Amino acid sequence: MKSTAILALLLLSCGKPQEAKTEPPPAGSVRVTWLGRAYFLIETSSVKVAIDPCAKGDFWKADAREVRADLVLATHGHDDHDAVDLVKGTKAAIRAKCVTGEETAAGVKVRYVGVDHDASGGKERGKNTIYVVELEGLRICHAGDLGHILTDEQIKAVGPVDILLLPVGGRWTVELAEARKVAEQLAPRVVVPMHAKTDLTPDLAHTVDAFAKDQPNVRRVEANSAVFSKAALPASREIVVLRDQ
Ligand SMILES: [Zn+2]
Ligand SMILES: [Zn+2]
């Protein structure tokens, strides 16, 4: 009887779902979590923003299916970027703006700039949006599936950037040299490479490590998230390499 009771207890504890919940980051800081492909969760102590949720099962980190966020942004209409209905608890969504403007949604200031998914004015793959969200004094820019280096007008429209989430995987977006050029153009303090070739996304051409190779100031984080604050930004541009799983 005793061993049966222990077994039952073990089964009960094993069957209990693992608490995936993480504590919010400390006040004044922002946690940036890469959930695979171009999908990010940006959290402060009071608000959560999901950007480019991906509908393609293979591209997901398993626990990304349980994301809750106040605001969800999608850079364009491709299904690896705009599965906004998969994010739970949302108060507002901004989808595929593809024009230049600004608004406040779910209490978050969001700037958007219309760009192209290719270097042919959008003729091959359509339009894309660059978003800049301001949280805890940090301007966080997500470049979606950017397909070209920026014009002076677009650089001005994006404005100052502290943290740039930059596609580097090529094939459907800018290739490595162009991605590095875009980083120079927007001159952020931190570049987080994304939309890159990984075990989850083998269709892309370049890995985050290929982007960081031979670059100065590279910090490798052996996790899929990092916490940033305005006061602790690096003095010169840093590439922060996250893992997507
Ligand atoms: Zn796309
Ligand atoms: Zn994409």
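Tyr 112 and Tyr 131 are both buried, and in this predicted model their rings form an edge-to-face pair, because the centres lie 6.3 Å apart and the planes stand at 85°. Tyr 112 belongs to strand S7 (residues 108-116) and Tyr 131 to strand S8 (residues 127-135), so the pair ties together parts that are 19 residues apart in sequence. Across the protein the pLDDT averages 90, and 87% of the residues score at least 70. Residues 4-20 call for caution, since their pLDDT is below 50 and, beyond near neighbours in sequence, the stretch has 0 contacts in the model.

**Aromatic pairs and nonpolar cores**

- The structure holds 2 aromatic pairs, and besides the tyrosines there is a stacked pair of Trp 34 and Phe 40, with 6.3 Å from centre to centre and 10° between the planes.
- Trp 34 and Phe 40 are each buried.
- The largest nonpolar core comprises 59 residues, and the residues with the most contacts inside it are Leu 73, Val 110, Ile 130, Leu 165 and Leu 166.
- A second core, separate from that one, has 10 residues, among them Ala 69, Val 72, Val 84 and Val 87.
- When residues up to four places away in sequence are not counted, the residues that Val 110 touches include Leu 71, Leu 73, Ile 94 and Gly 101, as well as Tyr 131, a member of the edge-to-face pair described above.

**The zinc ion (ligand 1)**

- Four residues of the protein donate to this ion, namely His 76 through NE2, His 78 through ND1, His 117 through NE2 and Asp 145 through OD, and they lie 2.1 to 2.2 Å from it.
- Along the chain these donors follow the spacing H-x1-H-x38-H-x27-D.
- The angles among the 4 donor atoms run from 86 to 166°, and the site is irregular; a tetrahedral site would need all angles to lie between 85 and 135 degrees.
- Two of the donors differ in their exposure, for His 76 is buried with a relative accessible area of 2%, whereas His 78 is partly exposed with a relative accessible area of 33%.

**The zinc ion (ligand 2) and the bridge**

- The second ion is coordinated at 2.0 to 2.7 Å by Asp 80 (OD), His 81 (NE2), Asp 145 (OD), listed twice, and His 195 (NE2).
- In sequence, the donor residues of this ion are spaced D-H-x63-D-x49-H.
- Asp 80 lies in the loop between strand S4 (71-74) and strand S5 (92-95), while His 195 lies in the loop between strand S11 (190-194) and helix H4 (208-212), so the pair ties together parts that are 115 residues apart in sequence.
- Both of these donors are buried, Asp 80 with a relative accessible area of 5% and His 195 with a relative accessible area of 0%.
- Asp 145 bridges the zinc ion (ligand 2) and the zinc ion (ligand 1), and the two ions lie 3.7 Å apart.

**Thr 198 in the loop between S11 and H4**

- Thr 198 is placed in the loop between S11 and H4, which is also where His 195 is found.
- Thr 198 is buried, with a relative accessible area of 17%.
- Leaving aside neighbours within four places in sequence, Thr 198 is in contact with Asp 244 and with Trp 34, the latter being a partner of Phe 40 in the stacked pair.

Definitions and conventions. Residues are numbered from 1 along each chain as its sequence is written. Chains are lettered from A and ligands numbered from 1 in the order in which they are written. This is a predicted model: local features need pLDDT of at least 70, side-chain atom pairs count only at pLDDT 80 or more; totals for chains, interfaces and linings use all residues. Side-chain values use heavy atoms; hydrogens and water are left out. pLDDT is the predictor's confidence in each residue, from 0 to 100. Contact means heavy atoms within 4.5 Å. Donors are N, O and S atoms within 2.8 Å of the metal (3.2 Å for Na, K and Ca); water is not among the atoms, so sites may look incomplete. Four donors count as tetrahedral if all angles lie between 85 and 135 degrees; four count as square planar and six as octahedral if opposite donors are over 155 degrees apart and all others between 65 and 115; anything else is irregular. Buried means under 20% relative accessible area, exposed over 50%, partly exposed in between (1.4 Å probe, protein chains only). Rings of Phe, Tyr and Trp (its six-membered ring) pair if their centres lie within 6.5 Å; planes under 30 degrees apart count as stacked, over 60 as edge-to-face and the rest as tilted. Helices (H or I, at least four residues) and strands (E, at least two) are DSSP runs, numbered from the N terminus. A nonpolar core is a set of buried Ala, Val, Leu, Ile, Met, Phe, Trp, Tyr and Cys residues joined through side-chain atoms within 4.5 Å.
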